[in-house]
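This report is meant for someone meeting the structure for the first time. Please look over the sequence and the model shown here before reading on.

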Amino acid sequence: MQLHAIDIVIIVSYFLTVVLIGLWVSRRGAKDLESYFLGGKSLPWYILGISDASGMFDISGTMVLVTWLFMYG
């Protein structure tokens, strides 16, 4: 399998974008503990809901939900 120049450009740009976003977010969170844990209290409610729900997208969260549904009908 041969990678063409456009493939390499896409891969490098993706990794560069991910690293830059990571650096930007880590600097914003490194201001103080409130910024780290609470996002500086500037996040809207729907972003907080998505963040909370994202923890249930693994297999253990799915297993817990199925168990609750089975137990409680």
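Helices, as the word is used here, are DSSP runs of H or I with at least four residues, numbered from the N terminus.

## Overall layout

This is a predicted model, and its protein chain contains four helices and zero strands, so that, read from the N terminus, the order of elements is α-α-α-α. The average pLDDT of the protein chain is 82, and 88% of the residues reach a score of at least 70. Within the protein chain, confidence is highest in H1, with a mean of 91, and lowest in helix H2 (residues 33–38), where the mean is 71.

## Surface and burial

Of the 73 residues in the protein chain, buried ones make up 4%. The protein chain exposes about 6900 Å², and 72% of that area is supplied by carbon and sulfur atoms.

A nonpolar patch on the surface is formed by Met1, Leu3, Ile8, Ile11, Val12, Tyr14, Phe15 and Val18, which together have about 890 Å² of accessible area.

## Two residues of helix H1

Ile11, one of the residues in that patch, lies in helix H1, which covers residues 5–29. The relative accessible area of Ile11 is 37%, and because partly exposed covers the range between under 20% (buried) and over 50% (exposed), Ile11 is classed as partly exposed.

Arg28 is likewise found in helix H1, and its relative accessibility of 41% makes Arg28 count as partly exposed. Along the chain, Arg28 and Gly40 are twelve residues apart, while their C-alpha atoms are separated by 8.8 Å.

## Helix H4 and the end of the chain

Helix H4 takes in residues 59–72, and its 14 residues should span 20 Å at 1.5 Å a residue; because the end C-alpha atoms of H4 are 20 Å apart, the expected and the modelled span agree. H4 is hardly covered, with a count of one buried residue among its 14 residues. After H4 comes Gly73, which has a positive phi near 80°.

Notes
Residues numbered from 1 in each chain as written. Predicted model: local features only at pLDDT ≥ 70, side-chain atom pairs only at ≥ 80, totals over all residues. Heavy atoms only, no water. Patch = residues over 30% accessible without salt bridge, like charges linked within 9 Å, V, L, I, M, F, W, Y side chains within 5 Å. Areas by Shrake-Rupley, 256 points an atom, 1.4 Å probe, with all protein chains shown as cover. Salt bridge = Lys/Arg side-chain N within 4 Å of Asp/Glu carboxyl O. Helix = DSSP H or I, 4+ residues; strand = E, 2+ residues; numbered from the N terminus. Buried < 20%, exposed > 50% of the residue type's maximum accessible area, 1.4 Å probe, protein only. Expected span 1.5 Å × (residues − 1). pLDDT = per-residue confidence, 0-100.
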